[in-house]
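Student: Please take me through one part of this model in close detail. Pick a single loop residue, then work outward to the rest of the chain.

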Amino acid sequence: MAIVSMQRVRICALKKDRKAILEALQRKGVIEISDEATDCSEEDSCFACMNVADFTEQMQAEIKLTEQALAVLHEYAPEKKSLFAGLNGKAEMDASDYDSFVQKKAEANRAAKRLVTLEKSILEAKGEIAKLSQQKEALEPWSSLDVPLNYKGTAKTSAIIGLLPGNRTAEQIYEELGEFTPFDLEIVSVIKDQTCVFFLCLKEQYEGLFEALRMRGFARPVIQTTMSPSEQIAAYEQSIRDLNEQIEDCKAEITAFSEMRNTLQFYFDYENMRVEKYQVLRQLKQSAHVFFLNGYIPEKCGAEVKEYLETRFDTEVELYVPSEDEDVPVLLSNPGFAEPMEGTVESFSLPGKGEVDPTSITAIFFYVLFGIMFGDAVYGFLMVTLIGFLLLKFKKMDKGTKNFLKMFFFCGISTLFWGVMFGSYCGDAVDIISENFFGKKVTIPPVLFLPTEEPMTMLVFSVCFGLVHIYTGLLMKMVQCFKQKQYLDAIYDAVSWMFLVAGLILALLTTEMGVNLVGMSGTIPSIWGTIGLIAAGVAAVIIILTSGRESKNWFKRFLKGLYGLYGASSYLNDIMSYSRLLALGLATGVIGSVFNTLGVMFGSGIVKVIIFIIIFTVGHLLNFGINILGAYVHTTRLQYVEFYNKFYEGGGRKFNPFRANTKYFMMKEK
């Protein structure tokens with residue numbers, strides 16, 4: 001449970017070593033370059049900052065190109081990976097690999113450009129195929145016509161080719177247009193309430209006939225061809241075949257680039273690292289021969305980095321303690337069981353100046369609360385076994401994934417423990433299976449109690465655990481106040497609330513209602529109720545007098561004090577929020593028991609066994625998935641809402657070192 005101590009670092013070195021020093025610092029990834037400390041807004045006669053905008057823009061373009069090329073490979077030649085391939089972590093990249101990649105850069109760039117060009121050709125060909133297919137479809141109704149659609153007629157005749165609305169017969173058309181006879185009519189086809197027609201008339205009749213047709217909704221074909229429709233359709237089909245062959249050729253060439261996948265991925269990471277390095281270059285103040293940078297470094301790394309740089313380069317490294325008013329970045333460092341909770345704490349907010357790191361305490365309560373809510377020994381065993389196997393099998397997985405799995409591993413241990421305490425083994429599976437398939441009911445008794453049979457006991461247990469959780473938060477507040485030497489604040493903001501809540505609970509337990517509520521067999525002497533009320537009264541007076549102590553006006557202080565005392569109602573809400581331990585704990589057991597009962601309700605003999613196995617497996621997989629999510633969400637809520645609001649404000653800034661933020665490869669030192 002610690003926040004890593006930070007030091008200020010100032011590095012001054014020769015400009016000729018700038019590239020090597022920055023690459024070494026990037027590989028180590030332990031220094032956060034401070035913009036404030038290397039402000040380049042004001043230039044002077046000796047030192048200036050480098051303008052890297054053009055270089056950065058060029059590298060960003062190469063990154064985008066490579067990203068597009070990798071996307072093309074992923075679409076047309078996807079990499080075959082196992083189900084758990086994502087747990088293998090990133091491939092390792094030596095500094096020598098990075099340095100020598102300059103020779104392969106041009107080849108990688110050409111490959112990326114070619115892949116993007118090939119995809120463009122495929123997309124263009126697909127667009128052309130769609131266009132030709134549309135035109136071919138439009139010509140299908142005219143396929144029986146043996147003249148082009150733009151046919152105008154002969155020296156003495158005129159042709160009219162087009163569509164009339166509705167499904168018409170030749171007799172109907174002759175009847176409508178009888179006044180323009182003689183003319184020759186051919187019904188080419190009838191489609192979708194339209195009639196494709198071919199008229200041939202004398203030239204002197206053309207104007208009148210065409211006008212009559214136009215008045216009846218006549219329209220020319222959308223496509224005009226210089227060859228017969230059947231010939232044009234054949235031409236379109238040949239073009240489509242040619243384009244499909246072109247697409248297949250492009251796909252084959254893309255597939256051939258699969259052997260360049262690692263090189264392109266390396267190229268992507270290489271350029272990203274260069275961009276990060278140039279972003280740092282933009283912040284450095286440098287003259288013709290020297291440069292310097294300022295930043296923050298973890299105290300535990302300071303001496304090592306200083307020795308590394310000063311023994312290899314002509315450089316001067318200074319380490320000193322940051323001033324009190326500096327916005328020092330926050331880096332958490334916790335033991336193995338608590339490390340997975342650093343992400344949970346960070347999701348809320350990192351500790352602010354003067355605050356304690358709540359990660360270890362959060363981890364303890366998170367695992368316990370999760371286990372109580374999920375509370376089934378078989379489920380816990382499955383979690384521990386599966387996740388333990390993955391952690392042992394894939395030792396090079398990235399840190400984020402590893403911490404996520406470790407969190408559920410410890411949650412699984414807690415789930416297994418509380419499952420045994422509450423006697424839940426896939427609900428009441430032991431009872432059901434033994435009674436229905438072996439003829440004798442066998443029960444594994446709980447170590448504590450069975451929540452489904454003693455819900456009130458479970459409720460009291462949940463509330464008591466909630467009190468422990470809340471009081472731990474108040475103790476954390478005391479520790480924080482003592483750390484900041486605010487001893488009176490510890491009494492005002494922590495001790496007073498402890499006495500108020502404890503006094504009221506003690507007074508309640510001396511009453512008949514309180515005894516019945518918790519199911520106590522005896523009663524507490526009334527004198528303890530009096531003591532509890534006195535303690536609560538004194539605490540209430542302290543709260544009223546001190547809650548508004550920042551105000552100078554006594555009347556405002558009094559009103560703020562009364563409002564502060566009203567916060568006692570929020571404590572009641574917080575305590576009752578832990579009843580969700582009862583709700584979630586019962587849900588896991590009850591739903592599991594329902595599926596167990598359903599499984600033995602159908603069939604007999606071997607059929608009954610098969611049906612039971614199916615219902616049991618599917619049901620408990622659903623129960624597992626639903627309730628593991630519910631336990632995670634509600635456990636996180638109890639930490640953020642009921643626990644953290646007793647002592648924790650956050651507001652710290654995350655330590656963001658200059659390092660190789662790669663996607664496919666991981667830098668390592670020799």
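Tutor: Start with Arg 220, which sits in the loop between helix 6 (206–215) and helix 7. The model is a predicted one. Arg 220 is partly exposed, with a relative accessible area of 35%. That value falls between the limits of under 20% for buried and over 50% for exposed, so the residue belongs to neither class.

Now its surroundings. Setting aside neighbours within four places in sequence, Arg 220 is in contact with a run of residues: Ala 159, Ile 160, Ile 161, Gly 162 and Leu 163. Tyr 206 and Phe 210 complete the list. Both of these numbers fall in the range of helix 6, 206–215. Asp 99 is another matter. Arg 220 and Asp 99 are 121 residues apart along the chain, and 68 Å separates their C-alpha atoms.

Follow the chain into helix 7, residues 229–256. Gln 232 has its place there. Its relative accessibility is 12%, so Gln 232 counts as buried. Beyond four places in sequence, Gln 232 touches Leu 139, Thr 225 and Met 227.

Further along helix 7 comes Ile 247. Ile 247 is buried too, because its relative accessibility is 6%. Its contacts, with neighbours up to four places away left out, are Ile 122, Ala 125, Lys 126 and Ile 129. Ala 91 lies elsewhere: its C-alpha is 33 Å from that of Ile 247, across 156 residues of sequence.

Next, the nonpolar cores. The largest has 68 residues. Within it, Phe 370 and Leu 581 touch the most other members. Helix 11 (residues 359–374) gives this core its largest share, ten residues. Another core lies apart from it, with 66 residues. Among the members of that second core are Met 59, Leu 115, Cys 250 and Phe 313.

Look closer at Leu 581. Sequence neighbours up to four places away are again left out. Leu 581 touches Leu 369, Ile 372 and Met 373. Met 458, Ser 462, Phe 465 and Leu 638 are also on its list. The numbers 369, 372 and 373 fall within helix 11, residues 359–374.

Two loop residues deserve a look for their backbone. Cys 426 has a positive phi of about 55°, although it is not a glycine. Its loop runs between helix 13 (399–422) and helix 14 (429–437). Cys 426 counts as buried because its relative accessibility is 7%. Lys 485 also has a positive phi, about 60°, and is not a glycine either. Lys 485 is found in the loop between helix 15 (455–483) and helix 16 (487–509). There the side of the cut-off changes: Lys 485 is exposed, with a relative accessible area of 65%.

One more loop, towards the end of the chain. Lys 654 lies between helix 22 (605–643) and strand 13 (665–668). Its relative accessibility is 44%, so Lys 654 counts as partly exposed. Its contacts reach back along the sequence. Leaving aside neighbours within four places, they are Glu 32, Pro 329, Val 330, Glu 346 and Leu 350. Take Ser 349 as a further marker. Lys 654 and Ser 349 are 305 residues apart in sequence, yet 9.2 Å apart in space, C-alpha to C-alpha.

Finally, step back to the whole chain. The protein chain has 22 helices and 13 strands. Its C-alpha trace spans about 125 × 85 × 65 Å along the principal axes. The radius of gyration is 39 Å, where a compact globule of 670 residues would have one near 26 Å. Of the 670 residues, 45% count as buried. Among contacts with a separation of 6 or more, 81% come from residues 24 or more positions apart.

The surface and the charges close the picture. The accessible surface of the protein chain comes to about 35100 Å². Carbon and sulfur atoms hold 60% of that area. There are 66 positive and 78 negative side chains. The centres of these two sets lie 4 Å apart.

Definitions and conventions:
Residues numbered from 1 in each chain as written. Predicted model: local features only at pLDDT ≥ 70, side-chain atom pairs only at ≥ 80, totals over all residues. Heavy atoms only, no water. Helix = DSSP H or I, 4+ residues; strand = E, 2+ residues; numbered from the N terminus. Rg over C-alpha atoms; globule rule 2.2 N^0.38 Å. Buried < 20%, exposed > 50% of the residue type's maximum accessible area, 1.4 Å probe, protein only. Contact = heavy atoms within 4.5 Å. Areas by Shrake-Rupley, 256 points an atom, 1.4 Å probe, with all protein chains shown as cover. Lys, Arg positive; Asp, Glu negative; His and termini not counted. Charge placed at Lys NZ, Arg CZ, Asp CG, Glu CD. Core = buried A, V, L, I, M, F, W, Y, C linked by side-chain atoms within 4.5 Å.
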